[in-house]
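Biologist: Please take a close look at the open sheet of chain A and describe how it is put together. I would like the cut-offs stated along with the description.

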Amino acid sequence: MFRFEKVSQDPLTNLTFTIQKKEKVILFGPSGAGKSTLLYLFNRLSEPDSGSIYFNGKPINEYSVTELRKNVGLVLQAPHLFPGTVLDNLKYGPSLFGEWEDKNAKTLLEYVQLPSSYLHKDVSQLSGGEEQRVSLARTLANSPEVLLLDEPTSALDYQTAEEIEEVLEGLIKEHEMTMVMVTHNLNQARRLGDRGLFIMDGGLQEDGTIPDMLDHPKNEKLLNFIEG
Amino acid sequence: MNALTPEVSNQSLFFLIIFVIIPLTLSYFYQLGLGKNVLWSAFRGTVQLFAIGYILTYLFDLPARLGIPLMVGIMIIIATFHARQKGKELPHVLPVIFISLLFVEGSVLTMWLVFDMVQFRPSEVIPMSGMVIGNSMVAMGLALERMKSEFRDNNGRLLAALSLGAEPKQASHLIVQRTLHAALIPNVDRLKTIGLVQLPGMMTGLILGGVEPVMAIKYQLVISLSIFSSVSISAMFVTLAMYRYFFNKNKQLIEPEG
C-alpha cells in the first residue's frame, strides 16, 4: 500500500520500507527521531528532500494533493478542533468534497463512543478526551483507506488515554483499515499494533512483529529504548 | 458666525514642550525606556509638520493637474514603504501594498470628483487624500501583523484542515476572517461613536476655521465614509493577496520568505 524508497527528510535519512494493506504498524523511537515527520510525509503535509513515496503502486506526487490527504487520514497529537459545534467539525472534511450526509453524523459519534446529544455541543465545552474523540471521528468522516495517528493519547491522563485506546481497538477490528500509529507507550503498541518500525538516529533500526521486537529485541538501540 | 483664523504664536508653540516633558518624566520614573523615542518622535513630528506646511503652501500654488498627482504619488510611495515594514518577510508585499493604495486612492478620488463632493483643487484633494492613504496604510499594516500572528497561533488547526483535504484558501478561511475583522473593527467603532465621543479632526479644523458646523459635518461625512470604504478595501486586498504565500505549490504550510 505504501512504499518508501530511500526517503530523506531531516532528521530521517535513506529510509526504505513497505506497508501492506490492512497492516497495523506502530512507529516508535525516541523523541525527535522523526516519527511525526514520517506521518506528515504519508499525508503529504511535508515533502521529502530526496527519495520516492508510493501509495497503491503510484508515486504520491501523481495524486491530487487533496484527494491523497482525504484517503490518508491523519489524527494529530493535539485535537486542534475548528471553532463551532461537534457537527461542524465532523462535516468539515466530507463537505470539502461535497460528500457530507447528515445521517452519517450519529454513526461517526458511535464509532468514537460519544452520545448523539454531543452533535450540537460547542467544541469549547468538551473535555480533552472528548476533543480527541471528535478529532478521530472528524478524520474518519472522510472514510480514509489509511489512518495515521500521531500519539493520539499522549496529552491525555491515564484513564482517558485508556478509553481512547479502547475506541481505537474497536475501530481497528471493525473497519480493518490500514493503520500507522506513533506512540511512546509500549503497552499501547502491544495492544494495537501487529508490526513495529523502530526509528532512531535518522534510520529504521528494526522492523518486525511487535511481540518479537519488544520481547526479543535484536538491536542494541531497541533494547536500550525498551529498558530505558 | 465670525470667521476665525486660528493663530498660535511661536511663543505659545514653545510651551508645547510641556506636553513632551510629561511622557518623558513618566518614562523616567517608571523606567519605560521610552525617553529617546519620545524625544525623537516629538522632534521628527515637529520638523515633518513644518516641512509639510511649506511644501503644501508651494503645492497649493501649483496647477492642480501637477500638484495633486505629485503629492498624492509621494504619499502613496511613503505609505507603501511604511506599511511594508509590518510584512517585509512576505514575498511581493511591496507591489501588493502599492497597487492597493493606488486602487483605493484612485477609486475614492473618482467618486469625489464624479459626484462633485470635492473640487479638483490641491487644497481640497491633498489633505483628504492624505487621510484616506494614511488610514489605509495603518489598516494594511494591522492586517499584515494580525495575519502573521494568526498563522503562527493556528498552525495546528491549519495542519488539521489541510490534512483533511482542504485547499489553502479553505484552510485559511478562519484566519482571513479574523484578520479582516481585526483590521476593520477600529474603523467600525470609530464610525459608531463619531461626534459622540470626539469631534473628528477635519470637522474640528473646519469649525475652527470659521465654517458652519453643518457644512463641516457634510465634509466630515464625505471623508469618514471614504476612509471607511478605503480601509475595508485595502485591508481585504492585502489579506487576500498575501495569505497564499503561507503555502507552497504542494499545498503545504511554509514559513514565507521575502
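Modeller: Two strands count as paired if DSSP finds at least two bridges between them; strands (E, at least two residues) and helices (H or I, at least four) are DSSP runs numbered from the N terminus. This is a predicted model, in which local features need pLDDT of at least 70 and side-chain atom pairs count only at pLDDT 80 or more, while totals for chains, interfaces and linings use all residues. Residues are numbered from 1 along each chain as its sequence is written, chains are lettered from A and ligands numbered from 1 in the order in which they are written, and side-chain values use heavy atoms, with hydrogens and water left out.

In chain A, 6 strands make up an open sheet with mixed pairing, ordered S6-S7-S8-S3-S9-S10. Its edges are S6 (72-75) and S10 (203-209) of chain A, each of which pairs on one side only. From one strand to the next, the twist averages 15°; angles run from 0 to 180 degrees between N-to-C directions, and axes are lines fitted to C-alpha atoms, for helices over the stretch in contact.

At the S6(A) edge, 4 bridges connect this strand to S7(A) (residues 146-150), and the two run parallel. Within this pair, Gly73(A) lies opposite Leu147(A) of S7(A). Helix H5(A) (residues 128-140) packs on the sheet and touches S6(A) and S7(A), where contact means heavy atoms within 4.5 Å. The direction of H5(A) makes about 170° with that of S6(A).

Helix H9(A) (residues 220-227) also packs on the sheet, touching S3(A) (24-28), S9(A) (195-200) and S10(A). The direction of H9(A) makes about 95° with that of S9(A).
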